[in-house]
Amino acid sequence: MVKVRELKFKYQGAKKYALDGVDIDIPKFKYTVILGHNGSGKSTFSKLISGIYKPTDGEIYIDGIMIKKSSLRQIRKKVGIIFQNPDNQFIGSTVEDDLAFGLENSNVNPKLMFPIIKDLLNKVDMGNFLNREPHTLSGGQKQRVAIASVLALNPEIIIFDEVTSMLDPKGKEDVLKIIQDIKLTRQKTLISITHDMDEAILADNCIIFSNGKIIASGSPKELFKNHELIKKSKIDHPFIYKVSSKIDWMIPTYDIDEFLENLWK
Ligand SMILES: Nc1ncnc2c1ncn2[C@@H]1O[C@H](COP(=O)(O)OP(=O)(O)O)[C@@H](O)[C@H]1O
Ligand SMILES: [Mg+2]
């Protein structure tokens, strides 16, 4: 679904490449998690595959379409992105307006908009907030509206860039539940950048970035078993070490799937 070849990206004025030769295929309708230390290039990557940034070098294909100036409109329809900071992704002055804006852009008949908006907001448990101004909402509520706004555009790919990292535990739980719900009920390709190992372990697929490169990809269970890799990736999260080290000494006697299931009980 997302095919990336020899992708490089350098920010204006920067000496180093933020992405320095990235090759990856992200499968359709799967849930792919992206991990990596701060500054490893994850957000840059997500902005490149959603057509927000232009590659310095290399190629990106979305569903077979190469991202270039002439295909940008098409790409933007196919890829939706939700950012880490809940505060800078609203366009509308009310929650309803914000969703309506996306629907207008997709040429939805204005007469049909209200029920669609209501339905989308109900899905993220924000049905009673239609007339609220976004800045009066909590962080978790804002992220839920941001997800509904992206769903309104009905993209084939949805990217979540650390969408729970600024939320309190309750807000985080609510948002993760919605992501899981999208995974189960809609045919979407989901890409989630996260430091949350509870989330990563549930993914179909995992990609690890380090210093602007992809250093590994595969199933999360497979990758987390690999001590060397976890060390090398410098993922700043003690939990992964806990999982990784337990896996190591439990493997001889325990089945890895059974072990991981038990860990979350
Ligand atoms: N707007 C920017 N201008 C210049 N350099 C940037 C900008 N955003 C990110 N970078 C640099 O690019 C590299 C990758 O950053 P980023 O993609 O944000 O990493 P991550 O999301 O993995 O934390 C880092 O070295 C970072 O300092
Ligand atoms: Mg980032």
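**Note on the ligand site, a helix pair and residue I65**

1. Ligand 1 is surrounded by Y11, A18, H37, N38, G39, S40, G41, K42, S43 and T44, where a residue counts if one of its heavy atoms lies within 4 Å of the ligand. This is a predicted model: local features need pLDDT of at least 70 and side-chain atom pairs count only at pLDDT 80 or more, whereas totals for chains, interfaces and linings use all residues. Residues are numbered from 1 along each chain as its sequence is written, chains are lettered from A and ligands numbered from 1 in the order in which they are written, and side-chain values use heavy atoms, with hydrogens and water left out.

2. By class, this shell holds two nonpolar, seven polar and one charged residues. Here Ala, Val, Leu, Ile, Met, Phe, Trp, Tyr, Cys and Pro count as nonpolar, Asp, Glu, Lys and Arg as charged, and the others, Gly among them, as polar.

3. Oxygen atoms of ligand 1 make polar contacts, that is, pairs of N or O atoms within 3.5 Å. A polar backbone atom of G39 is 2.7 Å from a ligand oxygen, and a backbone N or O atom of S40 is 3.2 Å from one. For S43, a side-chain N or O atom lies 2.9 Å from an oxygen of the ligand. Of the 550 Å² of accessible area that ligand 1 has on its own, the protein covers 56% (Shrake-Rupley method, 1.4 Å probe).

4. Helices α3 (residues 95-105) and α4 (residues 110-123) have axes that come within 10 Å and cross at roughly 115°. The axes are lines fitted to C-alpha atoms over the stretch in contact, with angles from 0 to 180 degrees between N-to-C directions; helices are DSSP runs (H or I) of at least four residues.

5. I65 belongs to strand β5 (residues 65-66), a strand being a DSSP run (E) of at least two residues.

Conventions
Polar contact = N/O pair within 3.5 Å; in protein donor to acceptor, adjacent residues only side chain to side chain.
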